[in-house]
Amino acid sequence: MKKNYENEIQSLLLKMTIEEKVGQLQQCGPSLVGAFDVSFEELVNMVFDGRISKADFQIMMSTAKQDFREEDLRAGKIGSYNGLNDAKKANELQKIAVTETRLGIPLLFGYDVIHGYRTVTPIPLAESCAWEPELWKRTARISAEEATAGGVHMTFAPMVDVAKDARWGRVSEGAGEDVLLSSIYGAAKVNGFQGDDLTKEDAMVACVKHFTGYGAAEAGKDYNRVDMSMQRLFEEYLPPFKACIKAGARAVMPAFNDINGMPCTVNSWLLTGVLRGEWGFDGMTISDANAIAECVTHGIAENLADAAKQAIEAGLDMDMTSNAYSETLAELIANGGVKEQVLDRAVADILRIKFELGLFDQPYRTSEAREKAAILKPAYRSLAREAAEKSIVLLKTIMCCL
């Protein structure tokens with residue numbers, strides 16, 4: 001039976017400043033610094049447009065280092081990191097959060113573990129061809145055992161987007177075009193990733209993505225619009241997500257696309273009405289990378305503050321890397337643009353997951369020794385081979401003479 005942490009959450013909220021609350025909503029990734037005078041994104045653009053060669057790029061990258069924004073962390077401005085897969089560094093950052101911030105709230109580390117962590121299993125589109133839920137659960141379990149040893153608390157998986165257009169580049173991340181298969185596959189992965197007790201050191205939160213209709217983007221173009229009837233949405237695209245929530249998934253990532261003109265990132269009908277209201281979900285939601293800020297680019301929001309207001313009021317808890325919440329929410333609260341109760345709800349959703357993971361009691365869930373021992377075990381590699389063999393599909397070509 002799942003423990004109720006609401007008293008602990010409310011007690012902690014009473015102690016937090018607005019700035020500390022906003023900090024809990026901020027997920028950032030390490031940035032590259034030290035080798036160049038422009039942003040990493042601009043450096044990549046310079047390679048694409050020919051301003052620098054690939055060889056020059058590699059030289060610059062070889063002398064760069066990662067910046068984890070430790071001073072922001074000490075100030076309580078960061079609640080989560082993504083893209084970190086190193087036990088030593090995870091524990092170093094966790095120690096800062098626990099011992100050097102005012103309230104000692106632990107960090108949450110997220111990472112993409114799609115088809116294996118170090119032991120590589122078949123991609124979801126291939127593995128789904130095995131039609132064996134217990135196999136899918138077992139491969140997710142070994143992924144969780146390895147990833148948590150590397151410091152990961154949450155995986156941005158499973159992807160249960162029903163995808164019927166082979167032109168869409170992300171079709172490989174899901175189980176394909178069948179609704180029932182996607183539902184069973186997703187539920188099995190949730191059970192495998194999370195195990196039977198999230199407080200165990202080898203359990204990690206499953207963040208189901210991308211909610212919803214992402215695989216139906218027009219013409220198979222990523223980020224493109226999705227225009228469909230409610231009947232088709234509920235019959236073909238929502239069932240796999242509902243199955244994952246029923247299986248106990250504790251996190252959900254909204255999709256980049258819109259649904260009939262309203263981006264999922266700021267879609268209150270989807271994130272509050274359906275997910276929480278109809279399905280009873282009480283976990284956390286997290287944006288896809290830079291998705292809140294991109295609402296400005298796509299014309300649904302006037303500026304970053306407007307995008308942040310729309311997102312948090314719609315039910316989006318954590319901002320992945322866009323800095324929309326960290327740069328605007330405190331002022332929005334101060335001037336009455338967003339009610340503090342809305343902020344408190346989002347913070348509570350995130351704290352709930354941290355409590356469920358047992359991070360307040362045991363913030364250091366791994367060690368370098370455990371990480372070394374957990375990677376590429378012979379039993380894991382044997383299971384990966386079994387999954388590969390069971391996922392093989394032989395196609396027979398029939399020649400026809402007219």
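How do the residues that line the second largest cavity divide into nonpolar, polar and charged? They divide into 7 nonpolar, no polar and 2 charged. This is a predicted model, and the report below takes its empty spaces, its sheet and its backbone in turn.

**Cavities and a pocket**

Rolling a probe the size of a water molecule over the atoms shows where empty space is left. Here the count comes to 3 cavities of 30 Å³ or more. The two largest are set out below, together with the second largest pocket.

| Space | Volume | Lining by class |
|---|---|---|
| Largest cavity | about 60 Å³ | 3 nonpolar, 6 polar, 1 charged |
| Second largest cavity | about 50 Å³ | 7 nonpolar, no polar, 2 charged |
| Second largest pocket | about 260 Å³ | 3 nonpolar, 4 polar, 6 charged |

The lining of the largest cavity consists of A90, N91, Q94, F109, T148, G151, H153, P363, R365 and T366. Helix α6, residues 87-100, supplies the largest share, with 3 residues. The charged member is R365, by the class count of 1 charged residue.

Around the second largest cavity stand I114, P124, A157, P158, M159, E173, Y185, K189 and F193. Helix α9 gives the most to this lining, again 3 residues. The 2 charged residues here are E173 and K189.

The second largest pocket is lined by 13 residues. Closest to its centre are K2, D196, D197, L198 and E356.

**The sheet and its helices**

8 strands form an open sheet with parallel pairing. Their order is β11-β8-β7-β6-β5-β4-β1-β12. The edges are β11 (284-285) and β12 (319-320), and each of these strands pairs on one side only. Within the sheet, β1 (residues 26-28) and β4 (residues 80-82) pair in the parallel sense over 2 bridges. C28 stands opposite Y81 of β4.

Two helices that pack on the sheet can be described by their angle to β7. Helix α9 (residues 179-194) touches β6 (154-155) and β7 (205-211), and its direction makes about 150° with that of β7. Helix α11 (residues 239-246) touches β7 and β8 (251-254). The direction of α11 makes about 165° with that of β7. Helix α9 thus appears twice in this report: it packs on the sheet, and it lines the second largest cavity.

**Salt bridges**

A search of the whole structure finds 33 salt bridges. One of them joins E92 and K89, with the closest N and O atoms 3.4 Å apart. Why are E92 and K89 separated by about one helical turn? Because they are 3 residues apart in helix α6. Helix α6 is also the element that gives the largest share of the lining of the largest cavity.

**Unusual backbone**

Most residues other than glycine have a negative phi, and most peptide bonds are trans. Three sites in this model depart from that pattern.

- A cis peptide bond joins A157 and P158, with omega about 5°. P158 is in the loop between β6 and α9. Both A157 and P158 belong to the lining of the second largest cavity.
- The bond from K209 to H210 is cis too, with omega near -5°. H210 lies in strand β7, a strand that α9 and α11 touch.
- Y223 is a residue other than glycine with a positive phi, near 75°. Y223 sits in the loop between β7 and α10 (230-237).

How values were computed
Residues numbered from 1 in each chain as written. Predicted model: local features only at pLDDT ≥ 70, side-chain atom pairs only at ≥ 80, totals over all residues. Heavy atoms only, no water. Pairing = 2+ DSSP bridges. Helix = DSSP H or I, 4+ residues; strand = E, 2+ residues; numbered from the N terminus. Contact = heavy atoms within 4.5 Å. Axes fitted to C-alpha atoms, helices over the stretch in contact; angles between N-to-C directions. 1 Å grid on protein atoms, 1.4 Å probe; cavity = no way out; pocket = protein on both sides within 12 Å on 5 of 7 lines; lining within 4 Å. Points joined across faces, edges and corners; volume = space filled by probe spheres on them. Nonpolar A, V, L, I, M, F, W, Y, C, P; charged D, E, K, R; others polar. Salt bridge = Lys/Arg side-chain N within 4 Å of Asp/Glu carboxyl O.
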